[in-house]
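Q: Could you take a close look at one part of this model for me and walk me through how it sits among its surroundings? I'd like a connected picture rather than a list.

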Amino acid sequence: MRVHRDLEYSQPPGFRPISLDLRRPDHDGAPVVVYFHGGGFRAGTRKVFTPGIADAASFDRIVEAGFAVASCDYRLSGEARFPAQIDDADAAIDWVRDHADDYGLDASKVIVWGVSAGATIGALAALRRRDVCGVVDWFGPAELFALAAHDSGDPPERTREALWLGAGADTVPDAARAASPALQVHAAAPPFHIAHGTADAHVPIAQSELLAGALADAGVDVEYTAVAGGAHFWRGVSDTAPLFDAALGFCRRVAGQ
């Protein structure tokens, strides 16, 4: 495995440079997973796949399966509001495609993978492009109006989605609708693999049910798994290997591997 760290992929005017880390197999021609971390839109880092899951069981496992992984930072909600993060995700995917020859990647086979807020960001980017061959969405917020009705314990103006949008979903309905993957689904969307824990108190499993239902209604290829007893970031799941196996099986299928 080869690792290239701190690759600057974007410099939005007035903001810090934004970077990614690229892990790739020793051979050329690998399909690419573009990965977006979680953290409620306001925290997190590209350096950690998911809290509690080591690199060897996540990033390295994906590379061992034959994929390159571009793990991307993006502007957090304290730096910029929606849709800046989707613009960053677009820029990351564009960078991977533009630099594929430099790093021996297959630019025709790009899969977006995100967890929690990163799943929302990745899904929205994929839904507005035509060059992503699949999306892995792990427990991502998908419908912000319904999420706003969930008691997060924060004051309405301090919830993760309000800080991201700049106000509560009901106050800025156009932005909330545009920031909700379940409300942006269309028939030309790429295939989705969705997994969500039944015990997730942070992002209710109903969020993924709404997204999976919208995709199915639109005739989009969607795999949906409810993980019994799983909490957010797969806490409560004693062995995450089967979850990675299922997601990687999906990645192989949509990449034609």
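A: Let's zoom in on helix α4, which spans residues 117-127 and is mostly covered: eleven of its eleven residues are buried. Keep in mind that this is a predicted model. Going along the helix, the buried residues are Ala117, Gly118, Ala119, Thr120, Ile121, Gly122, Ala123, Leu124, Ala125, Ala126 and Leu127.

One of these, Ala125, gives us a way over to another helix: Ala125 is touched by aspartate 90, which also touches Arg128 and Arg129, leaving aside residues up to four places away in sequence. Aspartate 90 itself belongs to helix α2 (residues 84-98). And it counts as buried too, because its relative accessibility is 14%, with the cut-off for buried being under 20%.

Now for the sheet. It's an open one with eight strands, mixed pairing, and the order β1-β2-β4-β3-β5-β6-β7-β8. At the edges you'll find β1 (2-10) and β8 (222-227), each pairing on one side only. On average, neighbouring strands here are turned by 20° against each other, ignoring direction.

Further along in sequence from α4 comes β6 (residues 134-138), which runs parallel to β7 (residues 192-197) and is joined to it by four bridges. In that pair of strands, valine 136 has histidine 193 of β7 as its bridge partner. Lying across β6, β7 and β8 is helix α8 (residues 206-217), which runs at about 155° to β7.

Conventions
Residues are numbered from 1 along each chain as its sequence is written. This is a predicted model: local features need pLDDT of at least 70, side-chain atom pairs count only at pLDDT 80 or more; totals for chains, interfaces and linings use all residues. Side-chain values use heavy atoms; hydrogens and water are left out. Two strands pair if DSSP finds at least two bridges between them. Helices (H or I, at least four residues) and strands (E, at least two) are DSSP runs, numbered from the N terminus. Axes are lines fitted to C-alpha atoms, for helices over the stretch in contact, and angles run from 0 to 180 degrees between N-to-C directions. Contact means heavy atoms within 4.5 Å. Buried means under 20% relative accessible area, exposed over 50%, partly exposed in between (1.4 Å probe, protein chains only).
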